[in-house]
Amino acid sequence: MLNRTEVHIKGLFLLMLFFLAGSAEVLNAQTVNVRLSDKQYVSKKWDNTRGLPVNTVFSVLKDETGYLWAATEEGIVRFDGVNFRVFDQDNIPGVVSPMFYDLKKASDGGVWAANANAIVHVHRNQIRAYDAKTQVKGSWINTVEEDHDGSVLAGIHNGDLFRLKDGKIEGVAGWEEHKNGAIMAIEKISEGVLIGTQNGLFKLDAETGLIEEIPGYEGIEIRALLETPDGNLWIGTRSHGLFHHQNDSVIVVDESVGLLNNQVNTIRLSEDGRVWVGMGMGGVQMITKSEIISLREVEFGYTSVNDIYITENGNIWLSVTGHGIVQMIPADIRMLREKDGLSNETTLAIYQDEQGVVWTGTPGLGMNRIENGEITHITPDYGLEHGVVLGIYGVDHFIYLGTGHGLYRYNPETDSIDRFFTADDGLASNIVQAIFQDSQERVWVGSRSGGIHRLLNHVELERLELPPQFENAEFITIFEDSRGNIWFSTTSAGMLKLDGDDNLTGYSIHHGPSSEMVLSMYEDPDGSIWVGTNEGLLVLMDNGEFRLFNRSHGLQFNGIFRMIEDDYGFLWASGNFGIQRISVENLLAVKHDDTGTKRISSRLFDTSDGMANHEANGGVFPAGWKMANGEIWFPTMQGIAQINPEALIKSEAGVGVHIESLRYGDNEFTETDEISVQSGVYNLEIHYGSFDFKKPHTINYYFRIDALSDEWQSAGNRNVAYFTSLKPGNHTFEVKAEQFGVESNIASIAFSVEPFFYQTLLFRILVVLGLFLAGYFVHAFYSKLKLGERLKKQVDHQTKELQQRNQKLEIALLDIENQNRVIKEVAWVQSHQFRGPLSRILGLIDVVENYDQFKSVGKDRSELVIEIGEAARELDDLIRKLNAEIEAIEKTEAQNYE
């Protein structure tokens, strides 16, 4: 209710003034019964503006994989929640007509489809058509059904009945004698198969194969057939309504007992035992054991509902003439509205007393009392000035009302307003928005103009003296924490805490221009106080500072009107854009995260979940309440939003992910195929998704290829990955999904990319071999050249060496000759020249030694010694001369060798 761009309480009072200035209707006390149906649905529609080829759909159902199939005049359509894909004569071999009239489940998990001229079987991405042009002969196939033996029966519009068995189509024995108008419906039952025609009803016995006519339906056109688990039969007709066969009796359900229309096109049974009926005019109705219920959520006017499909989780799919496909989703949030008995669509404060009675305020029509399925209106006629109720709270057996004209006390026992308080009685302002009784049974009243009051004994008001910054504050919320502290929030001055010793402490919040407006408060399991403001959620840390979390941290919206924790670990927060649910454990993890990397995982609930209007109301107290049964109720601009957290948890299946196909060019493969991508493919697509037909836009996908690292690439909400120029070889693509902070399993698809010839191993081996051979021959060639050069050099070198050796040899020969000459000379000297002196020396020595014998020589010994010395010197001269000649020869040889 508060303005979206500037959430300010003044917006509330503009609305109040509207009611006050206008001629608000003064209602008398009255009681209204709450609607009988306990089911509410959210409807979504798909037509030719949203992916369907045409607006008329004849039949709809889901296969075991999760795809939704629809039979239309322009092909059969497959839908995964995001994308439609049409299969017709252009992409189904053997099909010549785009007309499809009926769909039935196949025992293998696929779908049988009645094409005008063929029986078509679809399973995953495999589609096969069985040509029936010869059997149809200018007519068309109206309906199909799989028999007990796995064969398929096909009913033709001209009245013929055929069977597809082992790939062949042939007539059904015995049918010709019963042929009586177009076959409109075929349904397998426990004892065989029922066949409805334009002029009667027949049964094909499962054991004998015999066909018999069911009496009582002669001349009646049978449009729909259903057998319930207990063996009862429901038969829908074109103009006689419904026939219910039960315990050997037949009950007629038609317009006279509440059926909207006697033309029944389809009948389906939900798991809770309700019979769903689609009419030729008037839409859809539910039949229970005690009533026929028309759903207010489906408004088709006078259009025809051709088929109904009900999923295991309770989703209802309708194929409609002129409206395409309509999905009816069980509402996660139920609405209590004016048509259910509320005095006004706009609701303000909500409170449940100790007796379980729920009280709700309105902006001009007083208060509603909800008890045991009845709603009673406490109108302005009771004495409420203009009937604007901003705050509600129970004290003892009284109900106190905060209004724009003071504080009122309603006495349920006397059904009357028996006391009221205004500024004359001590209120700081007549605009009272918050009333609260704490754990010490003290009653607090918050108003404008700095008004915090204690209500004493239901008769006296005591006003607290406040710090200066709160003297003119507008108090809108009162909260007691686990330590007994009482917190008062304001629209412009932050918060005020009153502790057990009656000490007042003010908290000013500086996180933006509107953050001083505190709309709600919450205490987490750690004892930290969280504050809902227009700027987001703030938590009061141990150091006395506030830490802000907003949309950038994962919140769905920033303005938080009211926070309520359920019994399952979730915090529910209302605002202008709906109601968001946050895991308390996740909230604590974000609070304790010093890195700033953790995010708040929140789920948004809005009109797509059942809210009539996503704008909740704040600035009143309490702006929501947790009921004794665990339900949570929030006031909105169009009724009361009722949440059952337990039922919601049970219905949440979690997100899944699957890989639809790998595509390139005109080629398409599934994960069951052995996929080999041809060489030269530069653009490759992998399509994946989740079968979420409710909120597919809230799913985020992450993928990687070949698991090269733990890092996943974010694809956002896109459900296709593109690759260009992948390297040849084997690859594995993996994808996972995340929704509301919960991750799915990992789906994968393996494929290989074929290389060009020049990218193959053989080519590389040949290239290497060729390079090796080329290198070898080049090496051999150069080796020969180098070898020739080396040989030439070696020959030249050896020739030179040979010449040098020859020269040296010649020198050596000369040396040898010289040596021989020297030797000869030495020998000659030794034999001739050495011999003479040496012989004299030896002879003279012998004479000296034997002198007495050689006295006749005539010389004395001294003279003989002198002669010996002369001979020795002569010998020494000869030796020196010989040595000199030898040295001269050696020197000459050395020079020759150099």
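Okay, let's start with a small empty space: Val82, Pro696, Tyr701, Asn717 and Asn719 line the second largest cavity in this structure. Before I go on, please remember that what we have here is a predicted model.

So, what volume does that second largest cavity have? It comes to about 30 Å³. As for the residues around it, the lining divides into 3 nonpolar and 2 polar, with no charged ones.

How do you even find a hole like that? Rolling a probe the size of a water molecule over the atoms shows where empty space is left. Here, the count of cavities of 30 Å³ or more comes to 2.

Now for the largest cavity, which holds about 40 Å³ of space. Which residues line it? On the list are Val677, Val681, Tyr682, Asn683, Leu684, Phe723, Thr724, Ser725, Leu726 and Val753. By class, that lining has 7 nonpolar and 3 polar residues, and again no charged ones. If you want to find the place on your screen, look for strand S61, residues 683–689, and strand S64, residues 720–724, since each of these supplies at least two residues of the lining.

Let's move along to some strands. I want to spend a bit of time on strand S13, residues 161–165. Is S13 enclosed or open? Well, 4 of its 5 residues are buried, so S13 is largely enclosed by the rest of the structure.

S13 has a partner in strand S12, residues 152–156: the two run antiparallel, and 4 bridges join them. If you'd like one pair to click on, Val152 has Leu164 in S13 as its bridge partner. S12 and S13 make a hairpin with 4 residues between the strands, and in that hairpin Gly159 takes a positive phi near 105 degrees.

S13 also pairs with strand S14, residues 168–171. Again we have 4 bridges, and again the strands run antiparallel. Here the pair to click on is Arg163, which stands opposite Glu170 in S14. S13 and S14 form a hairpin too, with 2 residues between them, and Asp166 in the turn has a positive phi of about 55 degrees.

Next, a sheet. What order do its strands come in? Reading across, we get S2-S29-S28-S27, which is an open sheet of 4 strands with antiparallel pairing. At the edges sit S2, residues 41–46, and S27, residues 305–310, and each of those pairs on one side only. Neighbouring strands in this sheet are turned against each other by 20 degrees on average, ignoring direction. Going in from the S27 edge, 5 bridges join S27 to strand S28, residues 316–320. One pair there is Tyr309 with its bridge partner Trp317 in S28.

Positive phi values came up in those hairpins, so let me show you two more, both in loops. Asp248 has a phi near 65 degrees, which is a positive value in a residue other than glycine. You'll find Asp248 in the loop between strand S21, residues 242–246, and strand S22, residues 249–253. Is Asp248 buried or exposed? Exposed, with a relative accessible area of 88%.

Glu441 also has a positive phi near 65 degrees. Its loop lies between strand S39, residues 432–437, and strand S40, residues 443–447. Glu441 is exposed as well, with a relative accessible area of 62%.

Now compare a loop residue that is tucked away. Asp524 is found between strand S47, residues 518–523, and strand S48, residues 529–533. With 4% relative accessibility, Asp524 counts as buried, because the cut-off for buried is under 20%. What does its side chain reach? The backbone nitrogen of Asp526, at 2.8 Å.

One more loop: Pro622 lies between strand S54, residues 602–605, and strand S55, residues 625–626. The peptide bond from Phe621 to Pro622 is cis, with omega near -5 degrees.

Last stop, a helix. In helix H3, residues 584–592, the buried residues include Val584, Leu587, Leu588 and Lys591. When you look at those, keep a general point in mind: an α-helix has 3.6 residues a turn, so residues three or four places apart point the same way. And at the start of H3, a side-chain oxygen of Ser583 reaches to within 3.4 Å of the backbone nitrogen of Glu585.

That's my tour, thanks for listening!

How values were computed. Residues numbered from 1 in each chain as written. Predicted model: local features only at pLDDT ≥ 70, side-chain atom pairs only at ≥ 80, totals over all residues. Heavy atoms only, no water. Buried < 20%, exposed > 50% of the residue type's maximum accessible area, 1.4 Å probe, protein only. Pairing = 2+ DSSP bridges. Axes fitted to C-alpha atoms, helices over the stretch in contact; angles between N-to-C directions. 1 Å grid on protein atoms, 1.4 Å probe; cavity = no way out; pocket = protein on both sides within 12 Å on 5 of 7 lines; lining within 4 Å. Points joined across faces, edges and corners; volume = space filled by probe spheres on them. Nonpolar A, V, L, I, M, F, W, Y, C, P; charged D, E, K, R; others polar. Polar contact = N/O pair within 3.5 Å; in protein donor to acceptor, adjacent residues only side chain to side chain.
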